[in-house]
Amino acid sequence: MRLNLFWKLGLAFFALLLAVLLPIDFYAERALRRNYERAGFEQLHAIARIALADPPQGSSLSPAHPEESAGLPSWVARMSASGVRVTVITSDGKVLADSQSDTSTMENHAARPEIRDALANGEGQSIRHSVTLNRDLLYYAARLPAAGGPPVVLRFALPAQAPDEELWDFRRRLWLSSFVMLLVTGVVSLLISRSFSDRVDRLTRFSLRVAEGDFRPIEADRSGDDMETLAASLNETAARLDRTIRTLTEERNLSSAILGSMVEGVAVVNASERLVFANPGFAEILGLDVPPQSGRALVEVVRQTELIEAVRRVLKGEPRVEAEIVTGTLRQRFFAATVASVHAADASGAIIVLHDITELRKLERVRRDFVANVSHELRTPLTAIQGFSETLLAGALDDPQNRVRFLEIILEHSKRLARLTDDLLMLSKMDADRLNLEISRLSVSQFVESCVETTQRPAAEKDLRVSVNLAQCLPDIAADRRRLAEILQNLLDNAIQYTPPGGQIMVSASADSDEVTFTVSDTGIGIPQADQPRIFERFYRVDVARSREVGGTGLGLAIAKHLVEVHGGRIWVDSEVGQGSQFHFTVPIFDPERASSRNGR
Ligand code: ADP
């Protein structure tokens, strides 16, 4: 770059110098030549005047009498003493005498222009090549009238080449001084170009730096010239670029952070149904490991035809299309897809937003099932009550053998109805969050003893043995006594119901740092592995007929689970079919601060 600029400047200087020097050389040569010729002619004039004033004597000029021309050579020699060539020519062109050549060898001179002019006008001059001397000469001729005869012509000549030497001398000086000037200007241009290209280099490095994203300003060189202005405006441009890029980057980071952390799937497709963008949520919903690359066709990524159809409708002009898609086969998930058209600059496309509605669908299903279950549960006792009342009214009242049995059946079913409505009421309270817990400090042993006491009688009726096994020094717990009793009672009732006579039931409790774990074990029928995760659902029963038979509602464990959870504990089951079941639940240890905050609920 530096060399380049230097040579460019140097060449420019050199060309400029040549452009000036060549015309100077040309015109100087012409001026010198003219000057020399003028001086030459003036010299010839002066000599001619002298010669005319002192012409060769009379008959010596007559060609008819050459013997009388003896005086002519000496006159010619005299006249040519100053270095000019002197020639005497008759009016018919014959050369009578010449100072530098033998007249006998000379051709007729009548046709020479200066001779013709001299004969015609009295004088004549010319610059031309001398055939006799074979060189360029300046000629001046004057007519000299001869007494009693035709005039003769006196001609004087000087060499025309003389200025060449002077010219070369002049040229030498001119070129030499020019060369010196060229050297000086070369050095100057080197210095100028060096400082100039240093500054250009700095600006180049600066712009490269900016291109790589380093926007620190360049230092001003305080030269006050255009380059400083350029540097200042580059600084301003860099600062603006920096601001714009920062703003854009912040915006981009913000939007990609938002889109990246959204659980909703968001994707944008262009008019040719190719993905322009997809967030991690979108990839996750469609079961892809990483967000699909931009440019992939939508049909390669999405299998759900409803979604592809919705996108196509939007690309055809509909502003917004809603659809629902399902993913997964074993664990189905439901998504509400909203596809809307987007227009950015001159491009158009569609934006897809996938919203997970699996929970909603599940809740809907639970509600539907719940209503169906409740109606079903209510119908059985109601049908029985209705049937036996009608039978009694239709005459069975008079049948002393059966009426008591019928009334007992009606009573049993009404009790069942009451239990069911109690449980439903409890559930609805829990759902509405209207369970006002009265948390207090409870002694584990006292609490367990009182519950087991009420169980002893029904257990004994079924020939079951109930025992208690508590760890030593159990800490007190924080719980609502009545609700906690409902939980334990429920588990004990189940244990009694699902354990054949002769079995054993045991209530145990142990503590760790922050909770006490209660366990109700039985030696009953057990629960199949596949049913275990579901027995805490509402109305879920492993064996519906058997549960009904023992008067179960299918709501007991659901209520127990909810009550345990509102106390801040967990409930789970370990069971093996035919071996028995162990139901475990935890309750937090009493902590005065937590207890006071809970009481507020
Ligand atoms: P239910 O009123 O039918 O007892 P629960 O919600 O209390 O309803 O129990 C749900 C189901 O869990 C029961 O129908 C029964 O199949 C099973 N189950 C509960 N406890 C036991 C247990 N101790 N042993 C065997 N199965 C049990």
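This text walks through the ligand site of a predicted model and then its largest cavity. Residues are numbered from 1 along each chain as its sequence is written. In this predicted model, local features need pLDDT of at least 70 and side-chain atom pairs count only at pLDDT 80 or more, while totals for chains, interfaces and linings use all residues; side-chain values use heavy atoms, with hydrogens and water left out.

Start at the ligand. It is surrounded by 20 residues, each with a heavy atom within 4 Å of it. The closest are Asn 494, Ser 547, Thr 553, Gly 554 and Leu 557. By type, the shell holds ten nonpolar, eight polar and two charged residues. Here Ala, Val, Leu, Ile, Met, Phe, Trp, Tyr, Cys and Pro count as nonpolar, Asp, Glu, Lys and Arg as charged, and the others, Gly among them, as polar.

Now look at the ligand's oxygen atoms. A polar side-chain atom of Asn 494 lies 2.9 Å from one oxygen atom of the ligand. The backbone takes part too: an N or O atom of Thr 553 lies 2.7 Å from a ligand oxygen, and one of Val 542 lies 3.2 Å from a ligand oxygen. Taken alone, the ligand exposes 520 Å², and the protein buries 97% of that (Shrake-Rupley method, 1.4 Å probe).

Which elements give two or more residues to the shell? They are helix H12 (481-497), helix H14 (556-566) and strand S17 (580-588). Helices (H or I, at least four residues) and strands (E, at least two) are DSSP runs, numbered from the N terminus.

Terms used:
A polar contact is a pair of N or O atoms within 3.5 Å; within protein, one must be able to donate a hydrogen and the other to accept it, and residues adjacent in sequence count only if both atoms are side-chain atoms.
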